[in-house]
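Biologist: Thanks for sharing this one! I have the sequence and the model open side by side, and I would love a close look at one part of it.

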Amino acid sequence: MVKEFNNGLIVLEKTKTKLNNTIQLLTNSTIFQPFNNLTVLIIGVFHGDEPQGKYLIEKYLSQKIYPQKEGNNNLIFIPCLNPDGMQNNIRTNANSVDLNRNFPTKNWGQDGSDAGENPKDYYGGKAPASEIETQFVIDIIGKYKPKIILTLHAPYKIVNYDGPAHDIAQKISEIISYPVEPSIGYPTPGSFGTYCGVERNIPTITLELDEKIPVENLVQPVFETFDILKNYN
Ligand SMILES: [Zn+2]
């Protein structure tokens, strides 16, 4: 691994988007050993109009750099998966694709138009995994083989999960006081949860944060959630 640092953090992987923004996979340990430990992947900003994840992950990383002697850090982070969407304050990426409908699942491309008021906000792309952002995540899952995945969304105030993640979801629910919901309530063809949780049996949590309160108020429960995952086994 070629080590590259960003404010003391190791940049494990990176790529460029259509609008020339950078997506990074970071860790906050100097001795991250992705193949030997229980790796937890945490992803923010699947949807560009849900910026809370980037703020929370970057704040966590700025406060919790683990020196080498502590070791055994198993968290890896993509603070912002959709910087192009965030730049434009839209749900989709620069190709108008909903990244959470672009994963190569068995149900990719099926009708998900009940999902919301604007069906075009849920466009799954011209092909499964057609998008740079989707490919970046798929490559990371193949390479780092996370045992647990957490994605940060808004605004539904629920702990949604796919795959064998009920117990983890329950713990997070107790921390953040949102109910556990095994289904989001509408069809999500090509979703990340289906790709990882349903089809690959990786415990996958979709944490839907409250967007109506100041993001600072989410720091305590979300940091506690990250710390629970750090120590989970
Ligand atoms: Zn979302």
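Does Ser96 count as buried, exposed or partly exposed, going by its C-beta neighbours inside 10 Å? Please start there, and then take me through the surroundings as one connected story.

Modeller: Happy to, with the reminder that this is a predicted model. Ser96 counts as partly exposed, because it has 13 C-beta neighbours inside 10 Å, and a residue is exposed only with 12 or fewer. Ser96 sits in the loop between helix 2 and helix 3. Its backbone deserves a glance too: phi is positive, about 65°, although Ser96 is not a glycine.

The loop between helix 2 (83-88) and helix 3 also holds Asn89. Asn89 is another non-glycine with a positive phi, in this case about 50°. Asn89 counts as exposed, because 9 C-beta neighbours lie inside 10 Å.

Stepping back into helix 2, we find Gln87. This residue is partly exposed, since it has 14 other C-beta atoms within 10 Å. Setting aside neighbours within four places in sequence, Gln87 is in contact with Leu19 and Asn21. The C-alpha atoms of Gln87 and Asn21 are 9.2 Å apart, although their positions lie 66 residues apart along the chain.

That leads us to Thr22, which belongs to strand 3 (residues 22-27). Thr22 is exposed, because 12 other C-beta atoms lie within 10 Å and the exposed class takes 12 or fewer. Beyond its neighbours within four places in sequence, Thr22 is in contact with Lys14 and Lys16. There is a long-range pairing to look at here as well: the C-alpha atoms of Thr22 and Asp84 are separated by 9.3 Å, with their positions 62 residues apart along the chain.

For the wider setting, the protein chain has six helices and nine strands. Of its 233 residues, 45% count as buried. Among contacts between residues at least 6 apart in sequence, 75% join residues at least 24 apart.

Now to the interior. The largest nonpolar core has 51 residues, and the members that touch the most others are Ile42, Phe77, Leu81, Leu150, Val159 and Ile205. Take Ile205 as a guide: leaving out residues up to four places away in sequence, it touches Leu150, Val159, Tyr161, Ala165, Ile168, Ala169 and Ile172.

Helix 5 (residues 192-200) is a good next stop, and its buried residues are Phe192, Gly193, Thr194, Tyr195, Cys196 and Gly197. These buried residues pack against helix 3 (132-144), strand 6 (148-153), strand 7 (158-162) and strand 9 (204-208). Just after helix 5 comes Asn201, with a positive phi of about 60°. In the loop between strand 6 and strand 7 you will find Pro155. Ala154 and Pro155 are joined by a cis peptide bond, with omega about 10°.

Ile172, one of the residues touched by Ile205, also takes us to the helix packing, as it is among the residues through which helix 4 meets helix 6. Helix 4 (residues 166-176) and helix 6 (residues 219-230) pack at an angle of about 150°, with their axes 9 Å apart. That angle makes helix 4 roughly antiparallel to helix 6. The crossing of helix 4 past helix 6 is right-handed. On the helix 4 side the contact is made by Lys171, Ile172, Ile175 and Ile176, and on the helix 6 side by Pro221, Glu224, Thr225 and Ile228. By class, this contact has five nonpolar, one polar and two charged residues.

Helix 6 has another partner in helix 1 (residues 52-63): their axes come within 10 Å and cross at roughly 65°. Helix 1 and helix 6 are therefore roughly perpendicular to each other. Helix 1 also passes helix 6 in a right-handed crossing. Leu56, Lys59 and Tyr60 of helix 1 make this contact with Val219, Val222, Phe223 and Phe226 of helix 6. The residues of the contact of helix 1 with helix 6 divide into six nonpolar, no polar and one charged.

Notes. Residues are numbered from 1 along each chain as its sequence is written. This is a predicted model: local features need pLDDT of at least 70, side-chain atom pairs count only at pLDDT 80 or more; totals for chains, interfaces and linings use all residues. Axes are lines fitted to C-alpha atoms, for helices over the stretch in contact, and angles run from 0 to 180 degrees between N-to-C directions. Helices (H or I, at least four residues) and strands (E, at least two) are DSSP runs, numbered from the N terminus. Angles under 35 degrees count as roughly parallel, over 145 as roughly antiparallel, 65 to 115 as roughly perpendicular and the rest as oblique. A crossing is left-handed if the near helix is turned anticlockwise from the far one by less than a right angle, and right-handed if clockwise. Two residues are in contact if their C-beta atoms, placed from the backbone, lie within 7 Å. Ala, Val, Leu, Ile, Met, Phe, Trp, Tyr, Cys and Pro count as nonpolar, Asp, Glu, Lys and Arg as charged, and the others, Gly among them, as polar. A nonpolar core is a set of buried Ala, Val, Leu, Ile, Met, Phe, Trp, Tyr and Cys residues joined through C-beta atoms within 7 Å. A residue is buried if 20 or more other C-beta atoms lie within 10 Å of its own, exposed if 12 or fewer, and partly exposed in between; C-beta atoms are placed from the backbone.
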